[in-house]
Amino acid sequence: MSFVKGKLPLDLRFFNGLGAVAFGVKDGGFLYFLLPFYNLVLGVDAWLVSLALATALVIDAFVDPLIGHLSDRTYTRWGRRLPWLYIAPIPLALMWTLLWSPPFAGTPSFWEIVALAVGVRLLLSACEVPSVSLVPEITDDYVARTTLFRFRFLFGWVGGLTMMLLTFAVFLPTEAARMQPEGYATYGIVGAIVIAASVIGSAAGQHRYVAQRPAQPPGRFSLSDAFGEIVDAFREHAFVIFALGGLATYVSHGVTLSITIYVTQYVWQFSERAFVVYPLVLGLSVVFMFLLAGPLHRRFGKQMTAAFGALAALGIMGIPYTLFLVGMWPQTGGTASTIGFMTFMVLANTAGVISSISATSMVAEIVEAFEERTGKRAEATFYSGNWLVQKCATGGGIMLSGLIVSMIGLEPGTPQAEVSPSVSAWLAILYILVTGVLAVFAAFWLARFPITQEQHEARVAARHARIAAGEPDPLAAEPRAASKAAGAPAKEHPQTG
């Protein structure tokens with residue numbers, strides 16, 4: 001049975017969400033600052049940075065699912081997830097620092113960027129996959145799972161936007177500072193501290209609820225079994241539908257965020273003050289998401305909310321760009337232009353984030369469908385698959401942004417005032433075309449997600465009936481585990497054999 005029955009305690013919602021801060025810091029760094037840092041500051045060609053990140057994703061494709069499989073098979077007094085959350089954040093923090101202070105002489109090479117990106121991505125998987133896999137274990141309630149994901153997205157965005165605000169206000173306060181490496185190094189150190197503290201704090205806060213030894217020890221580990229389970233997971237029809245729609249959703253969102261510095265600086269001609277205010281304005285969309293996601297899921301279901309959210313984000317976001325291209329937008333760089341653009345972006349980002357949270361929440365329902373078909377629980381296997389989809393989206397978004405920047409001929413280090421109107425126009429055109437195609441593709445597939453709330457609740461009721469009839473529950477703890485959970489720290493390390 002699930003760890004919690006009935007209403008979720010507020011502290012559990014808080015601490016489960018807290019773990020997503022690390023993801024928010026990483027996502028903000030990769031999407032907002034990584035391409036400009038390596039391209040505009042360190043002098044690496046934009047297409048080469050994009051290719052390096054795409055190569056890192058190929059490596060992730062083989063290793064990431066194994067992390068999920070290993071987490072599912074971890075067998076300790078503290079359960080399957082907590083040992084990962086106590087151990088992985090420390091090396092992740094170190095690798096994050098190195099990403100923004102490359103330990104190489106001169107301009108980083110292709111393979112040096114790959115090594116740093118792979119290190120960060122894999123270690124973040126070792127934190128995020130176990131953390132998010134706790135959601136379907138904590139509760140099997142359709143709406144309560146949405147509540148947990150609302151908190152996770154809230155904390156993730158707060159973490160990313162807070163770092164973005166600090167970056168524009170403190171670390172990189174001027175256009176000249178954004179062209180120098182020192183501020184990025186400070187950004188890396190502060191981000192590393194935030195990442196480690198949030199993941200470890202999340203684990204400690206959830207410890208008394210989830211620190212329970214699984215009832216059944218795992219069998220012997222083998223690579224053939226690991227990849228066999230992963231292949232079996234991708235045979236789940238609902239997961240394939242989700243992956244197609246979710247990938248396009250995340251890539252579209254990734255393009256929007258990774259190209260932000262370019263469009264705000266070269267299309268919308270943001271002032272230094274506007275760069276500082278922009279993260280605060282985007283924060284409003286996170287508040288709107290937190291208030292709207294639950295009611296929308298109850299009214300329309302997760303799949304239709306995700307689909308219409310993707311289309312709404314495209315429609316709203318396209319308005320200022322269209323008006324700019326046809327010459328009906330106020331003079332860029334002025335107060336009216338900046339306020340108008342920020343207003344549209346708050347609304348578009350609200351719709352986009354609601355689409356993303358809806359897609360992510362769908363994965364929790366696939367767990368019960370898979371269990372019904374195979375008799376196995378594989379939360380982390382599916383969430384490592386989802387995590388891989390999100391990573392592909394991050395890399396794909398950066399890659400597409402890098403290709404757009406390369407196609408328009410924007411040279412590294414170009415000052416805002418020296419970019420021609422034609423370059424700004426092509427930047428806007430290509431951005432809208434790419435995100436438009438992705439949004440339509442995402443909406444098409446997400447609307448076809450085959451698991452409704454009624455179907456999920458029927459599966460959960462059938463599962464409870466099987467357990468009541470005497471079948472073992474793979475999530476149940478040993479009889480004395482609950483009383484041990486708050487005791488002295490265990491000496492065991494994660495065992496997967």
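This is a guided tour of a predicted model, with suggestions for what to select at each stop.

**The core**

Begin by selecting Y38 and W96, the two residues that touch the most other members of the largest nonpolar core, a set of 147 residues. Then select residues 335-374, which form helix α14, because this helix supplies the largest share of that core, 16 residues. In soluble globular proteins, nonpolar side chains tend to be buried together.

Stay with W96 for a moment and show what surrounds it. Leaving aside residues up to four places away in sequence, W96 touches V25, K26, G29 and F30, then V120, and further along the chain Y187, G188, G191, A192 and I195.

**Helix α1 against helix α7**

Next, select residues 10-18, which are helix α1, together with residues 142-171, which are helix α7; the two pack with their axes 7 Å apart and at an angle of about 45 degrees. That angle makes α1 oblique to α7, and α1 passes α7 in a right-handed crossing. To see the contact itself, show L10, R13, F14, N16, G17 and L18 on the α1 side, and T147, L148, F151, R152 and F155 on the α7 side. If you colour these residues by class, you will find six nonpolar, three polar and two charged.

**Helix α7 against helix α12**

Keep α7 on the screen and add α12, whose residues are 272-300. How far apart are the axes of α7 and α12, and at what angle do they pack? The axes are 9 Å apart and the angle is about 175 degrees, and α7 and α12 are therefore roughly antiparallel to each other. By class, the contact of α7 with α12 has 20 nonpolar residues, along with four polar and two charged ones.

**A loop residue beside α12**

Now select Q269, which lies in the loop between α11 (260-267) and α12. Is Q269 buried or partly exposed? Q269 has a relative accessible area of 22%, so it counts as partly exposed, given that buried means under 20%. The backbone of Q269 also deserves a look, since its phi is near 55 degrees, a positive value in a residue other than glycine. Most residues other than glycine have a negative phi.

**Helix α14 against helix α17**

Return to α14 and add residues 453-468, which form helix α17; these two helices pack at an angle of about 50 degrees, with their axes 10 Å apart. They are therefore oblique to each other, and the crossing of α14 and α17 is left-handed. The contact is made by E365, E368, A369, E371 and E372 of α14 with H456, R459, V460, R463 and R466 of α17. Which classes do you meet in the contact of α14 with α17? Its residues divide into two nonpolar, one polar and seven charged.

**Two stops on helix α16**

Finally, select residues 421-446, which make up helix α16 and include F444. F444 is partly exposed, with a relative accessible area of 41%. If you draw a distance from the C-alpha of F444 to the C-alpha of A204, you will find 41 Å in space between residues that are 240 apart in sequence.

V437 is also found in helix α16, and at 60% relative accessibility V437 counts as exposed, the cut-off for that being over 50%. A last distance to draw runs from the C-alpha of V437 to that of F33, where 25 Å separates residues that lie 404 apart along the chain.

Notes:
Residues are numbered from 1 along each chain as its sequence is written. This is a predicted model: local features need pLDDT of at least 70, side-chain atom pairs count only at pLDDT 80 or more; totals for chains, interfaces and linings use all residues. Side-chain values use heavy atoms; hydrogens and water are left out. A nonpolar core is a set of buried Ala, Val, Leu, Ile, Met, Phe, Trp, Tyr and Cys residues joined through side-chain atoms within 4.5 Å. Buried means under 20% relative accessible area, exposed over 50%, partly exposed in between (1.4 Å probe, protein chains only). Helices (H or I, at least four residues) and strands (E, at least two) are DSSP runs, numbered from the N terminus. Contact means heavy atoms within 4.5 Å. Axes are lines fitted to C-alpha atoms, for helices over the stretch in contact, and angles run from 0 to 180 degrees between N-to-C directions. Angles under 35 degrees count as roughly parallel, over 145 as roughly antiparallel, 65 to 115 as roughly perpendicular and the rest as oblique. A crossing is left-handed if the near helix is turned anticlockwise from the far one by less than a right angle, and right-handed if clockwise. Ala, Val, Leu, Ile, Met, Phe, Trp, Tyr, Cys and Pro count as nonpolar, Asp, Glu, Lys and Arg as charged, and the others, Gly among them, as polar.
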